[in-house]
Amino acid sequence: KMAETQAKKPKYEDKYSLFEMFGVLGFRDTPSLKLTYNGTTFELDQLTTPTEVKSMPSFDMTLFQSDKLYTLALVDPDAPSPNDRKFGCWLHFWQYNIQGSDLSTGTTLADFVPSGPGEGSGLHTYVWLLYQQSGLIEEISFKGQKHIPVGAGFPPRRSMRPAEVLQQLPCGFTPLAHAFYQCEYDAHCEIVKKMVLAQG
C-alpha cells in the first residue's frame with residue numbers, strides 16, 4: 001500500500017500542490033475514496049462530464065466505522081476557472097457529524113450542488129474530502145451562514161478554505177480519504193446555474 005501511495009504522488013504532485021494552496025491539507029498520503037456515479041466508480045483524476053456527475057454519488061463505506069463521526073465535503077479549487085482561481089475553493093457540499101456510514105445522520109452546512117463549470121472556463125478539478133472528527137461539533141458556519149441551500153446564489157459558497165474553517169472548531173479533524181475528478185462545461189451546467197440562482 002505504501003508503494004502505491006509513493007507511486008501516485010509524483011503523478012499528481014501538481015494536483016496536491018493546488019489543493020494545499022486552497023486549504024485542502026493533509027490528503028497526499030490518504031487512500032482514495034471510491035465514489036460511484038450512475039454505476040461508474042471514480043477514485044483519482046477521473047475525466048467525466050457534468051451530466052455524468054449531476055447526482056450525489058454513493059460511497060464505498062469500508063472506511064467508515066460505526067462508532068466514529070465524519071465530515072464529508074466537495075470543493076472546486078478552480079473557480080471560476082483554472083486560469084483565475086479567485087473564488088476557489090467553491091463549496092459544493094459540506095456535511096458534518098455523520099455517524100458511521102449513515103449520511104442521513106449528518107448536519108448539512110452546504111446542500112449538494114452538482115459540478116457546473118462555466119462555459120469556456122476549461123477543465124475544473126472537483127475534490128471529495130472525508131475527515132474523521134474527534135468529537136461532536138455543535139455548529140459550523142461559513143460567511144455567517146449555518147446552512148447554505150442550493151438556491152442561495154454563488155457568493156455564499158465562494159472562497160472556502162477547509163483548513164481555515166476546521167481550525168476554528170474545538171474538535172480535531174483527521175484527513176481520512178479523498179477523490180477527485182475533472183470535467184468541463186456541457187449543457188447540464190445551465191441547469192446547475194439556474195438551481196444556484198433560484199432564490200435570486
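1. Ser81 is a good residue to begin with in this predicted model, and it is found in the loop that runs between strand 5 (69-76) and strand 6 (90-99). Although it belongs to a loop, Ser81 is buried, because its relative accessible area is 13%, and the cut-off for calling a residue buried is under 20%. Leaving aside its neighbours within four places in sequence, Ser81 is in contact with Ser121 and His124. A further separation can be checked in the structure: Asp102 is 21 residues away from Ser81 along the chain, and the C-alpha atoms of Ser81 and Asp102 are 34 Å apart.

2. Strand 9 (residues 173-183) deserves a careful look, since 9 of its 11 residues are buried, and the strand can therefore be described as mostly covered. With strand 8 (residues 124-133), strand 9 runs antiparallel, and 10 bridges join the two; within this pairing, Tyr126 has Tyr181 of strand 9 as its bridge partner. With strand 3 (residues 44-47), on the other hand, strand 9 runs parallel, and here 3 bridges make the connection. In this second pairing, Leu44 stands opposite Phe180 of strand 9.

3. Please also follow the open sheet of 3 strands, in which the order is 2-1-4 and the pairing is antiparallel. Strand 2 (40-42) and strand 4 (58-59) stand at the edges, and because each has a single partner strand, one side of each is left without a neighbour in the sheet. Strand 1 (residues 35-37) pairs with strand 2 in the antiparallel sense, over 3 bridges, and Thr36 stands opposite Thr41 of strand 2.

4. A last point concerns the cysteines, and it begins with a question: how many disulfides does the structure hold? The count is 0, and the distances for two cysteines help to explain what lies behind it. For Cys89, the closest cysteine sulfur is that of Cys183, at 15 Å, which is too far for a bond, because a disulfide needs two cysteine sulfur atoms within 2.5 Å. For Cys171, the closest cysteine sulfur is that of Cys89, and the 20 Å between the sulfurs is again too far for a bond. As for their surroundings, Cys89 is buried, with a relative accessible area of 0%, and Cys171 is likewise buried, with a relative accessible area of 13%.

Methods:
Residues are numbered from 1 along each chain as its sequence is written. This is a predicted model: local features need pLDDT of at least 70, side-chain atom pairs count only at pLDDT 80 or more; totals for chains, interfaces and linings use all residues. Side-chain values use heavy atoms; hydrogens and water are left out. Two strands pair if DSSP finds at least two bridges between them. Helices (H or I, at least four residues) and strands (E, at least two) are DSSP runs, numbered from the N terminus. Buried means under 20% relative accessible area, exposed over 50%, partly exposed in between (1.4 Å probe, protein chains only). Contact means heavy atoms within 4.5 Å.
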